[in-house]
Amino acid sequence: SSFNSEYNYIAGAVGHLNGTMDNVNLEGVTVYGGSNSYNVGGLTAYINSTTTINNCTFAGTVTGGFSTRGTGGLVGTVQEENPGTVTISNCAFTGTLNGTKPVGGILGMIRTVTGKQLDVYVTDCVVSGTVTITENSSQCGSVCGRSEANTKIVLTRVNTASCTRTTRCASAENGTVVDND
């Protein structure tokens with residue numbers, strides 16, 4: 001299956017997710033965000049409140065376009081608009097990931113718009129394959145491409161050994177990264 005678009009919220013399963021995603025497994029899927037697209041992700045493109053993703057996998061190709069805010073193997077962008085916590089556990093990305101702006105094997109970007117704290121927990125996850133960026137290589141990570149002020153990403157038992165990108169969380173622009181591995 002292929003998902004191609006020039007618009008916002010391009011994903012293999014759900015464009016905008018708030019709530020719970022369990023046991024979604026996509027294989028052989030191509031997700032492509034055109035040059036004017038925002039938020040591109042293998043499973044979901046955008047999260048903006050308390051959300052849990054559990055036991056999900058994506059195997060395929062994810063490509064973000066020129067204007068993409070965040071390109072992620074599983075989640076494009078996590079943005080705090082409604083305070084909450086995002087948990088991603090027992091999930092895997094396998095394949096090829098490429099974008100021009102923040103790119104990450106699990107999630108492309110974490111940001112706040114109200115200045116309130118946003119916490120993201122990534123536990124027991126695996127990233128394997130190719131993760132690349134065509135613009136601003138300081139925003140490309142095997143787990144997360146960019147985390148902004150008032151954000152915290154906590155990594156526990158996240159396996160990136162089979163990923164081409166060795167930097168796990170690339171650009172912590174006043175965000176906090178807690179790597180328990």
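This report walks through a sheet, two unusual backbone angles, the salt bridges and an aromatic pair in a predicted model.

## The open sheet

Let's start with the strands. Five of them, in the order β2-β6-β10-β14-β17, make up an open sheet, and the pairing is parallel. The edges belong to β2 (8–11) and β17 (140–141); each has a single partner strand, so one side of each goes without a neighbour in the sheet.

Zooming in on one of those edges, β17 pairs with β14 (residues 103–104) in the parallel sense, over 2 bridges. If you want a spot to click on, try V103: its bridge partner in β17 is C140.

## Two positive phi angles

A couple of residues show positive phi without being glycine. One is N23, with phi of about 55°. You'll find N23 in the loop between β4 (20–22) and β5 (25–33). N23 counts as exposed because its relative accessibility is 52%, and the cut-off for exposed is over 50%.

R157 is another non-glycine residue with a positive phi, near 55°. R157, though, is found in a strand, β19 (residues 151–159). R157 also turns up in the next section, as a salt-bridge partner of D124.

## Salt bridges

The count of salt bridges comes to 5. Take D124 and R157, whose closest N and O atoms are 2.6 Å apart. D124 lies in strand β16 (residues 118–133) and R157 in strand β19, so this pair ties together parts that are 33 residues apart in sequence. As for solvent, D124 is partly exposed, with a relative accessible area of 30%.

Next up is the salt bridge between D179 and R168, where the closest N and O atoms are 2.7 Å apart. Here D179 sits in strand β21 (residues 176–179) and R168 in the loop between β19 and β20 (169–172), so to speak 11 residues apart along the chain. The two partners don't get the same label for accessibility: D179 is partly exposed at 34%, whereas R168 counts as buried at 16%.

## A small charged network

Which residues are linked in a network of salt bridges? They are R111, R146 and E148. Within this group, the side chains of E148 and R111 meet in a salt bridge at 3.7 Å, N to O. That pair links distant parts of the chain, with E148 in the loop between β18 (144–147) and β19, and R111 in strand β15 (residues 107–112), 37 residues apart.

Is E148 buried or exposed? At 13% relative accessibility, E148 counts as buried, because the cut-off for that label is under 20%.

## The aromatic pair

Now for the rings. A pair of aromatic rings is described by the distance of the centres and the angle of the planes. A search of the whole structure finds 2 aromatic pairs, and one of them is F58 with F93. Their ring centres are 5.9 Å apart and their planes stand at 5°, so the pair is stacked.

Along the chain, this pair links distant parts: F58 is in strand β9 (residues 57–63) and F93 in strand β13 (residues 92–99), 35 residues apart. Both F58 and F93 are buried.

Definitions and conventions
Residues are numbered from 1 along each chain as its sequence is written. This is a predicted model: local features need pLDDT of at least 70, side-chain atom pairs count only at pLDDT 80 or more; totals for chains, interfaces and linings use all residues. Side-chain values use heavy atoms; hydrogens and water are left out. Two strands pair if DSSP finds at least two bridges between them. Helices (H or I, at least four residues) and strands (E, at least two) are DSSP runs, numbered from the N terminus. Buried means under 20% relative accessible area, exposed over 50%, partly exposed in between (1.4 Å probe, protein chains only). A salt bridge is a side-chain nitrogen of Lys or Arg within 4 Å of a carboxyl oxygen of Asp or Glu. Rings of Phe, Tyr and Trp (its six-membered ring) pair if their centres lie within 6.5 Å; planes under 30 degrees apart count as stacked, over 60 as edge-to-face and the rest as tilted.
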